[in-house]
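New to this one? Here is a quick briefing to keep beside the sequence and the 3D view.

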Amino acid sequence: MKNIVLIGFMGVGKGSIVREVVKHSKYIAVDTDDLIESMQNRKIKSIFEEDGEAYFRKIEKKISKWLQKSVTNSLISTGGGFYKVKNLKKIGIIVLLDSPFDEIIKSIKSHSNAVNKLKKRPLLSDLQKAKELYDLRRPEYLALADIVINVTNKSISQCSEELIKKVKKDA
Ligand code: S3P
């Protein structure tokens, strides 16, 4: 079983969808941000504050090499900037979770723990800058994706079913 790698902008629901899909499949859930936090024994927010974004990107690269070499049968959720690693396509089938910027922000804000969701993501602290980042990244996400799932106004379980169906077709 090839890995499936979920990419997409912050807050689009990569982690939630992975957790739902693994309930109904043999895949193992892996999350690049969780790996980084456990490797470093500190939160992403602290890594950004103490060592800066460039340092964080270096750890992402290290993780990407390890994933390619050592991980199989996994459904991998990635941080929104992880797609920049050179070997992304070698890790597995790339699935983009896609939604317009305003819809993503609306959905984050409607969560009961919205404050935390925004606080833990340094690159969402300035929404104007985040929108610019989104506009820059979206064409790059699309260019890398083997499969695109539009998640706007869909439930986690609808997205999860769509992912399973589309991956079966693609495999
Ligand atoms: C980032 C996204 C975050 C996390 C870090 C940087 C990005 O993950 O990796 O804050 O560059 O878009 P999520 O996409 O899970 O929020």
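**Starting points**

Glu20 counts as buried, because its relative accessibility is 15% and buried means under 20%. This residue sits in helix α1. Keep in mind that what you're looking at is a predicted model. The notes below go through its pockets, its cavity, its ligand and a handful of residues.

**The largest pocket**

- The largest pocket takes up about 1,200 Å³.
- Its lining is made of 50 residues, and those closest to the pocket's centre are Gly11, Gly13, Gly15, Lys117 and Arg121.
- Several elements each give two or more residues to this lining: α1 (14-23), β2 (28-31), α2 (32-40), α3 (44-51), α4 (53-70), α6 (101-109), α7 (114-119) and α9 (156-170).
- Which element gives the most to the lining of the largest pocket? That's α1, with six residues.
- Sorted by type, the lining has 16 nonpolar, 16 polar and 18 charged residues.

**The second largest pocket**

- The second largest pocket holds about 170 Å³ of space.
- You'll find it lined by Arg57, Glu60, Lys61, Ser64, Lys65, Gly81, Lys84, Val85, Lys86 and Asn87.
- Six residues of that lining are charged, three are polar and one is nonpolar.

**The cavity**

- Rolling a probe the size of a water molecule over the atoms shows where empty space is left.
- How many cavities of 30 Å³ or more does the structure hold? Just one, and the space in the largest cavity comes to about 40 Å³.
- Gly8, Phe9, Val12, Leu97, Asp98, Ser99, Ile104, Tyr134, Arg138 and Tyr141 make up the lining of the largest cavity.
- Two elements, β4 (93-98) and α8 (127-144), give two or more residues to that lining.
- The largest share comes from α8, with three residues.
- By type, the cavity lining splits into six nonpolar, two polar and two charged residues.

**Around the ligand**

- The ligand has 14 residues around it, and the closest are Lys14, Asp33, Arg57, Arg121 and Arg137.
- Arg121 has an N or O atom in its side chain that is 2.4 Å from an oxygen atom of the ligand.
- Backbone atoms show up here too: a polar one in Gly80 is 2.8 Å from a ligand oxygen, and a polar one in Gly81 is 3.4 Å from a ligand oxygen.
- Arg121 also turns up among the residues closest to the centre of the largest pocket, while Gly81 belongs to the lining of the second largest pocket.

**Buried residues in helices**

- Glu20, back in α1, touches Ile156, Ser157 and Ser160, leaving aside residues up to four places away in sequence.
- Glu60 belongs to helix α4. Its relative accessible area is 2%, so Glu60 counts as buried.
- Leaving out residues up to four places away in sequence, Glu60 is in touch with Ile36, Gly81, Phe82 and Val85. Gly81 and Val85 join Glu60 in lining the second largest pocket.
- Is Ile108 buried or exposed? With a relative accessible area of 2%, Ile108 is buried.
- Ile108 has its place in helix α6. Setting aside residues up to four places away in sequence, it touches Met10, Gly11, Ala114, Lys117, Leu118 and Leu124.
- Ile108 and Gly13 are 95 residues apart along the sequence, yet 9.2 Å apart in space from C-alpha to C-alpha.

**Two asparagines with a positive phi**

- Most residues other than glycine have a negative phi, and most peptide bonds are trans.
- Asn73 isn't a glycine, but it has a positive phi of about 55°.
- Where is Asn73? Look in the loop between α4 and β3 (74-77).
- With 30% relative accessibility, Asn73 counts as partly exposed.
- Asn153 isn't a glycine either, and its phi is positive, at about 60°.
- The loop between β5 (147-150) and α9 is where Asn153 lies. Its relative accessible area is 72%, so Asn153 counts as exposed.

Note on methods
Residues numbered from 1 in each chain as written. Predicted model: local features only at pLDDT ≥ 70, side-chain atom pairs only at ≥ 80, totals over all residues. Heavy atoms only, no water. 1 Å grid on protein atoms, 1.4 Å probe; cavity = no way out; pocket = protein on both sides within 12 Å on 5 of 7 lines; lining within 4 Å. Points joined across faces, edges and corners; volume = space filled by probe spheres on them. Helix = DSSP H or I, 4+ residues; strand = E, 2+ residues; numbered from the N terminus. Nonpolar A, V, L, I, M, F, W, Y, C, P; charged D, E, K, R; others polar. Buried < 20%, exposed > 50% of the residue type's maximum accessible area, 1.4 Å probe, protein only. Contact = heavy atoms within 4.5 Å. Near = heavy atom within 4 Å. Polar contact = N/O pair within 3.5 Å; in protein donor to acceptor, adjacent residues only side chain to side chain.
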